[in-house]
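Student: I would like a close look at a single part of this model, namely the surroundings of the ligand. Please then place that part in the context of the rest of the fold.

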Amino acid sequence: MLDHAAAPASATRTAAGDALAPNYHPLDVVLHAGKGSWVTDVHGRRYLDCLAGYSALNFGHRHPALVAAAKAQLDTLTLTSRAFDHDLLGPFAVALTELTGTEMMLPMNTGAEAVETAIKAARKWGYEVKGVPDGRASIVVADGAFHGRTTTIVSASTDPETRDHFGPYTPGFRVVPFGDADAAAAAVDETTVAVLVEPVQGESGVLIPPADYLPRLRALCDDAGALLVLDEVQSGLGRTGTTLAQDLAGVRADLTTLGKALGGGILPVSAVVGRREVLGVLTPGTHGSTFGGNPLACAVGLAVVDLLAPGDLQARARALGAELTARVDALVAEGLLAGARTVGLWAGLDVAPALGLTGRAASERLAARGVLTKDTHGSTLRLAPPLTITAEDLDLALDTLADVLREAAGRPA
Ligand SMILES: *Cc1c(COP(=O)(O)O)cnc(C)c1O
């Protein structure tokens, strides 16, 4: 009995949604176009994008250099499969390893695939180099981690939504509290091939471990002859004000996973970078991907590396991040936020319980005022604007946030 002519956008959307699996609960906006930090919906309303594709859009929407690289490659060569080499794969490998101070890279597509690749490489290294009895490799992971959605990765997850009813689970993971190096040490034994953590837990709400956490995990892995594997799919490539989040701790992992921003907001590009001794165990035929390292991905990935190589965007994330920190700390002091965690241009904000505002409701009110962000885990909001955002636009986003929180607290500005 739907009157389609009179149906509001939300009704049209619900009708269309019947054909779409319900594995997401997006905000009620239907986007049509984007440029830089701004997106426009189908009604012509403009929004400031302060989620930036969970850091997949670190350079904003349609960055000119990235679009130009993609367009040029579309007119040249887009896919070869790894059955044949192409002329951008070598240069991308060299550029990405130079940018990250690593020896070797293995290209994949999505973040989850990069993590799967790291798990496989660590296990194979464990059996062939460390000498762990076959089938017994263990990997120590952190509580609350997010590493993707494959069946093996959700086997390592402690989040019920992520994990429940997807078993039987892949064995071989030991979960310890995040940020607790002693707990990690207690879980490591002679079967342990790797300790796998995010340097900053993104999906859990930008949880930042103690400053000595990564250095202590590094020392622990060195002592135990295990690999330190850092998942930087979200934290890497400028977000924290450094090329990699691990740079803040002065640590180099044996394997680091990259994704999201590596595709420049244009297409999925991921990679594992790390030590030759480890990635070198993946000999021909033991691992691969039809699309991994394709010419279009390499063209965009190379352009991403070119954007990050001078270090200006990292410096910008630090400078704008200092402003972000000062402003959200003021909201904590005002009692509007119960907590705020910031690193670089990245913030996890806990809405004060007294406001009676869920993270979802807060992101809906922000969207109604033209600022897009997304809640994570109850009352937490995540801010991760493009690293290219202007100081004025960042101010606008934070002014809007303050207005929404003050209004919920019953003290309109
Ligand atoms: C997003 C994310 C992934 C998964 O990436 P996909 O491209 O969605 O598969 C893995 N690890 C971390 C830390 C992430 O934030």
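Tutor: The account below begins at the ligand and then turns to the sheet, a helix and two backbone features. The model is a predicted one.

The shell around the ligand is made up of Thr110, Gly111, Ala112, Phe146, His147, Gly148, Glu198, Asp231, Val233, Gln234 and Lys260. By class, these shell residues divide into 3 nonpolar, 5 polar and 3 charged. Two of the polar contacts involve the protein backbone: a polar backbone atom of Gly111 is 2.8 Å from an oxygen atom of the ligand, and a polar backbone atom of Ala112 is likewise 2.8 Å from a ligand oxygen. A side chain also takes part, since an N or O atom in the side chain of Gln234 is placed 2.7 Å from an oxygen atom of the ligand. Of the 380 Å² of accessible area that the ligand has on its own, 81% is covered by the protein.

Next comes the sheet. Its 7 strands form an open arrangement in the order β4-β10-β9-β8-β7-β5-β6, and the pairing is mixed. The edge positions are held by β4 (104-108) and β6 (173-176); each has a single partner strand, so one side of each is left without a neighbour in the sheet. From one strand to the next, the twist averages 20 degrees. In general, the strands of a sheet pair through backbone hydrogen bonds, in either a parallel or an antiparallel manner. Here, β9 (residues 255-258) and β10 (residues 270-274) run antiparallel and are joined by 4 bridges. One bridge partnership links Thr257 with Val272 in β10.

A helix accompanies this part of the sheet. Helix α4 (residues 89-100) lies across β4, β9 and β10, and the angle at which α4 runs to β4 is about 120 degrees. Helix α4 thus lies across β4, one of the edge strands.

Two backbone features remain, both in loops. As background, most residues other than glycine have a negative phi, and most peptide bonds are trans. The bond that joins Gly167 and Pro168 is a cis peptide bond, with omega at about 0 degrees. Pro168 belongs to the loop between α7 (160-163) and β6, and β6 is itself an edge strand of the sheet. Arg62, although not a glycine, has a positive phi of about 50 degrees. The position of Arg62 is in the loop between α2 (52-55) and α3 (64-74).

Key: Residues are numbered from 1 along each chain as its sequence is written. This is a predicted model: local features need pLDDT of at least 70, side-chain atom pairs count only at pLDDT 80 or more; totals for chains, interfaces and linings use all residues. Side-chain values use heavy atoms; hydrogens and water are left out. A residue is near a molecule or strand if one of its heavy atoms lies within 4 Å of it. A polar contact is a pair of N or O atoms within 3.5 Å; within protein, one must be able to donate a hydrogen and the other to accept it, and residues adjacent in sequence count only if both atoms are side-chain atoms. Accessible areas come from the Shrake-Rupley method with a 1.4 Å probe; for residues, only the protein chains shown count as cover. Ala, Val, Leu, Ile, Met, Phe, Trp, Tyr, Cys and Pro count as nonpolar, Asp, Glu, Lys and Arg as charged, and the others, Gly among them, as polar. Two strands pair if DSSP finds at least two bridges between them. Helices (H or I, at least four residues) and strands (E, at least two) are DSSP runs, numbered from the N terminus. Axes are lines fitted to C-alpha atoms, for helices over the stretch in contact, and angles run from 0 to 180 degrees between N-to-C directions. Contact means heavy atoms within 4.5 Å.
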